[in-house]
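Student: I should like a close look at a single part of this structure, the open sheet, and at what surrounds and connects to it. Please give one connected account.

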Amino acid sequence: MSEPIVDRPPLPPLTLQTRVEHWPIAGAFSISRGTKRKASVIVAELSDGTHIGKGECVPYARFDENLEDVEKAIQSLSPDFTAQSVDQHALQDMLSAGAARNAIDCALWDYDAKRLNTPVFDWVDVPSMQPKLTAYTISLSTPDGMAKQIQQVKDNHPLLKVKLGGQTDEECMRAVRYTAPHARLIADANEGWSPETLPHLLAVAYELGFELIEQPLPTNQDLILEHIDHSVLICADEAIHTSQDLEALKGRYDAVNIKLDKAGGLTEGLAMVRLAKTLNLKIVVGCMVGTSLAMAPATLLAQFADWVDLDGPLLLEQDRAPGLHYDQSVVYPSHPKLWG
């Protein structure tokens, strides 16, 4: 995987615009930290008057991000783009990792693709973009509630991601497996387990054939993972933001969940993939709940992933148009009219 192109023509003066959009979720999306009924996203657009590059981000409340602050952070760079002083490399030092940098970084990649008429995947070591099986998320609920969710979708989604972190996690896992006996299962506890419950719940997950458990413990307790024997792979999510975090995770986690809103964009996401491969860490490419514009850059990272979790648009009442093409649980690469 290469860095963003360095021999491109200099950037012309660009205008930077942002807008906040709200996309209703089909039903509700529940995790251990709460329930949401809409996806609130920020879209950043870079334009030279002819070509427009777009990027979408979702502020991450777990890390104290909100719509107002993230939009202000994006807009603060408007004078720099007018002065032709920002590219993907410079951006890494101008904003810290997070949603704001993600929106601008992805907009820069998209702008370059549009003005140079070159797809983004040509700039990274991806021989060809392939469709990928994505997980489909089952929201945290009661055991019966989770079973009902699966009854509605199990024939269309062979890989299910189960949200855990409640008081009935064992019962929920058993209900999921009973309802979907042939599905591949991964789970995300969103820091909802404790050191006391961890060994038993990992044993239950192994018994039921779960492949992976994301972030079982709060990040401030994950040192314990160095001393826990486990047969189910454990994945870092809230514990991992950028490539600088990866070395310290070795020995605690078997895999890392790379999300563009945590990493701060595709540029850093590619760096994380490179280093994770070097450290023999397995890779999940995940997402927040957003539209296809947010998922499109992540489909490049998905080419290198062991598990893909890019089902955000499938959880919405309606996606933007044009959007990514999904054939049940298979997500296809982005069309240039959408991104890249």
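Tutor: In this predicted model, three strands form an open sheet in the order β1-β2-β3, and their pairing is antiparallel. β1 (15-31) and β3 (52-57) are the edge strands, each pairing on one side only. Direction ignored, neighbouring strands of this sheet are turned against each other by 20 degrees on average. Between β1 and β2 (residues 34-47), the antiparallel pairing runs over 13 bridges. One position in this ladder is Gln17, whose bridge partner in β2 is Glu45. The sheet also carries a helix: α1 (residues 67-75) packs on it and touches β1, β2 and β3. The direction of α1 makes about 155 degrees with that of β1.

The edge strands are also linked to a remote part of the chain through Arg320. In a salt bridge, the side chains of Glu21 and Arg320 meet at 2.6 Å, N to O. Glu21 belongs to strand β1, whereas Arg320 sits in the loop between β12 (307-308) and β13 (326-327), so this pair ties together parts that are 299 residues apart in sequence. Glu21 has a relative accessible area of 14% and is therefore buried, the cut-off being under 20%. Arg320 counts as buried because its relative accessibility is 13%.

Arg320 has a further partner, Glu56, with which it forms a salt bridge whose closest N and O atoms are 2.9 Å apart. Here too the pair links distant parts of the chain, since Glu56 is in strand β3 and Arg320 in the loop between β12 and β13, 264 residues apart. Glu56, like Arg320, is buried.

For comparison, another salt bridge can be considered. Lys161 and Glu214 form a salt bridge with their closest N and O atoms 3.1 Å apart. Because Lys161 lies in strand β6 (residues 159-163) and Glu214 in strand β8, this pair ties together parts 53 residues apart in sequence. Lys161 counts as buried because its relative accessibility is 2%, and Glu214 is likewise buried, with a relative accessible area of 1%. Returning to the sheet, salt bridges with shared partners join Arg19, Glu21, Glu45, Lys54, Glu56 and Arg320 into one network. Glu45 thus appears both in this network and as the bridge partner of Gln17 in β2. In the whole structure, a search finds 20 salt bridges.

Glu214 leads on to a parallel arrangement of strands. Its strand, β8 (residues 210-214), is mostly covered, with four of its five residues buried. β8 pairs with β7 (residues 184-188) in the parallel sense over four bridges, and with β9 (residues 233-236), also in the parallel sense, over three bridges. Glu214 stands opposite Asp188 and also opposite Cys235 in β9. Together with helix α7 (residues 198-207), β7 and β8 make a right-handed β-α-β unit.

In summary, the sheet β1-β2-β3 is antiparallel, is packed against by α1, and is tied through β1 to the loop that holds Arg320. The link from Arg320 to β3 is made by Glu56.

Conventions:
Residues are numbered from 1 along each chain as its sequence is written. This is a predicted model: local features need pLDDT of at least 70, side-chain atom pairs count only at pLDDT 80 or more; totals for chains, interfaces and linings use all residues. Side-chain values use heavy atoms; hydrogens and water are left out. Buried means under 20% relative accessible area, exposed over 50%, partly exposed in between (1.4 Å probe, protein chains only). Helices (H or I, at least four residues) and strands (E, at least two) are DSSP runs, numbered from the N terminus. Two strands pair if DSSP finds at least two bridges between them. A crossover is right-handed if, with the strands pointing away from the viewer, the path from the first strand over the helix to the second runs clockwise. Axes are lines fitted to C-alpha atoms, for helices over the stretch in contact, and angles run from 0 to 180 degrees between N-to-C directions. Contact means heavy atoms within 4.5 Å. A salt bridge is a side-chain nitrogen of Lys or Arg within 4 Å of a carboxyl oxygen of Asp or Glu.
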